[in-house]
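Please read these notes with the model open beside you. They go from the whole chain to a few helices and single residues.

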Amino acid sequence: MCIRDSHKYVQGVEWGHRPYYSAGIGKHFVEVGPPLDTGALRQLLLEILTHCFEWLGLPLIRVSPFCKNKRYFSFRVDADGFTESSTEAALRIARKTGLRFTWFLDMGRWKKQGQWIRRLVEHNQDVQLHCFRHMTYASREVNDINIRKALALMQRNGITPNAIVSPLGCNDKGFSEAIKEQAFEYSSEFGYAVDDLPSFPNNDSAYPLQVPVHPGCSGVFHKAGFTEAEQFEHLYEHARRQGDLDGICLLYDHPNGGLDAHEVQFVQLFDKVSLRGYKYLCMSDYCRAWLQRPRNFRVLFNRGQIEVDGFSDNGFRLEQITDGTIGPVQWDGKPLPQVSSRGMVDEFVYPPHSIREVALEMGQRHLKQRNFSKAGWYTNEVFEALRTYSGYKATRRLLSRVRWLRALRGRMRH
Ligand SMILES: [Zn+2]
């Protein structure tokens with residue numbers, strides 16, 4: 001998207017598979033995302049504002065994005081499907097590092113794993129929802145069925161989740177309306193935003209808060225030709241950069257083919273990020289803190305002095321970026337802490353042909369399922385059930401109750 005058109009941009013409406021560039025490694029990878037890098041645009045606008053305020057000699061103040069003035073990292077586990085060994089591996093990483101990961105479970109494939117869900121909770125892990133079938137649909141109604149079914153299964157395990165993330169990172173309107181209806185506290189769709197601060201879709205707090213993450217996982221790095229060393233070098237550099245810029249970096253991966261395949265490297269990565277002074281904050285705790293972040297306050301000009309009124313800190317302080325000729329802004333009888341706007345250089349490198357091909361190919365996947373109607377979804381459920389022996393038996397039992405089918409079978413046998 002051209003910067004000239006950015007005023008027409010409505011966040012979350014358009015999205016698709018797109019290339020991401022890793023400056024440190026010099027390679028691209030492909031994942032779902034919005035056409036506009038909103039984090040970079042926000043930073044650019046801040047730079048422009050800083051420049052204008054400096055030129056006018058006015059003080060520029062902001063509510064810091066840094067919770068308690070610290071830098072954090074966080075980790076999300078998208079548990080797509082269940083295997084004992086990959087869940088064990090992910091839990092071992094959590095135990096070795098002492099971190100509370102936020103797990104999103106697709107309940108269709110976790111429904112028989114009650115004891116493992118309890119184990120996650122016993123190991124102090126944060127358990128949340130990733131729908132029933134691992135699919136995001138265009139229709140609100142079908143998403144609603146897919147979410148309600150998962151919720152019921154999760155509640156049967158004694159957990160009432162307050163967060164959900166869309167399978168495949170899709171940001172269909174039907175999905176955002178369904179999760180608004182279900183009143184989840186937060187969500188995180190790659191198609192809405194990545195590598196940015198949290199926000200409400202359409203600035204409407206009736207929607208769950210969107211908490212963007214970094215969308216690279218082992219699978220996409222591998223597909224894009226990153227070596228293992230390059231993948232972890234990229235993740236470390238990204239955590240550092242994003243933590244310095246926005247006060248938080250949220251990374252993610254899957255247990256199966258991700259955490260289990262790179263167990264040692266993940267432990268090393270978390271240790272390295274911690275050693276650099278970044279604290280760990282679980283995704284749900286970060287969301288809770290962010291929801292308390294003050295959004296509005298008044299600025300008064302009183303006896304030659306600028307003062308802030310009606311502001312309460314709630315863990316996110318007020319800070320001053322430019323000085324101005326009038327002197328420091330006062331809050332609570334004290335001058336505000338001064339920070340400098342951190343400039344950043346964003347390198348644009350046109351993706352090679354092979355990466356554009358990957359983006360196109362990935363964009364074509366799952367189109368049929370994503371457009372399922374309600375009837376289509378239930379028909380698919382019957383096929384899914386028939387694939388398992390117990391499902392086949394249950395379906396046979398159900399059909400044997402239908403009188404005309406019984407009669408037809410009887411007639412065919414004679
Ligand atoms: Zn998933």
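The numbered points below describe a predicted model.

1. Overall make-up. The protein has 414 residues, and 38% of them are buried. Its secondary structure consists of 16 helices and 16 strands. Measured out along the principal axes, a box of roughly 100 × 45 × 45 Å holds the C-alpha atoms.

2. Domains. Two domains are assigned: domain 1 covers residues 1-362, and domain 2 covers 373-413. From the C-alpha centre of domain 1 to that of domain 2 is 43 Å.

3. Contacts along the sequence. Take the contacts between residues at least 6 apart in sequence. Of these, 70% link residues that are at least 24 apart.

4. Helices α8 and α10. Two packed helices are described by the angle between their axes and the distance between the axes. For α8 (residues 228-246) and α10 (residues 263-275), the angle is about 25 degrees and the axes are 10 Å apart. An angle under 35 degrees counts as roughly parallel, so α8 and α10 are roughly parallel to each other. The crossing of α8 with α10 is right-handed. On the α8 side the contact uses Glu 228, Phe 232, Leu 235, Tyr 236 and Ala 239, and on the α10 side Gln 265, Leu 269, Lys 272 and Val 273. Sorted by class, the residues of this contact are 6 nonpolar, 1 polar and 2 charged.

5. Helices α2 and α10. Helix α10 also packs with α2 (residues 84-97), at an angle of about 30 degrees and with the axes 10 Å apart. Helix α2 is therefore roughly parallel to α10. Here too the handedness can be stated: α2 and α10 make a right-handed crossing. From α2 the residues are Ala 89, Arg 92, Ile 93, Lys 96 and Thr 97, and they meet Glu 263, Phe 266, Val 267, Phe 270 and Asp 271 of α10. This contact of α2 with α10 contains 5 nonpolar, 1 polar and 4 charged residues.

6. Leu 168. Which loop holds Leu 168? The residue sits between β7 (163-164) and α6 (173-181). Its phi is near 70 degrees, which is a positive value in a residue other than glycine. Is Leu 168 buried or exposed? A residue is buried if 20 or more other C-beta atoms lie within 10 Å of its own. Leu 168 has 20 such atoms within 10 Å, so Leu 168 is buried.

7. His 366. This residue is not a glycine either, yet the phi of His 366 is positive, at about 60 degrees. His 366 belongs to the loop between α12 (353-363) and α13 (367-370). There are 16 other C-beta atoms within 10 Å, so His 366 is partly exposed.

8. Asn 203. The loop between β8 (186-187) and β9 (209-210) contains Asn 203. Why does Asn 203 count as exposed? The cut-off for exposed is 12 or fewer other C-beta atoms within 10 Å. Asn 203 has 8 C-beta neighbours inside 10 Å and therefore counts as exposed. From Asn 203 to Glu 185 is 18 residues in sequence, and their C-alpha atoms are 15 Å apart in space.

Notes
Residues numbered from 1 in each chain as written. Predicted model: local features only at pLDDT ≥ 70, side-chain atom pairs only at ≥ 80, totals over all residues. Axes fitted to C-alpha atoms, helices over the stretch in contact; angles between N-to-C directions. Helix = DSSP H or I, 4+ residues; strand = E, 2+ residues; numbered from the N terminus. Parallel < 35°, antiparallel > 145°, perpendicular 65-115°, else oblique. Left-handed = near helix turned anticlockwise from the far one by under 90°. Contact = placed C-beta atoms within 7 Å. Nonpolar A, V, L, I, M, F, W, Y, C, P; charged D, E, K, R; others polar. Domains from an automatic or database assignment.
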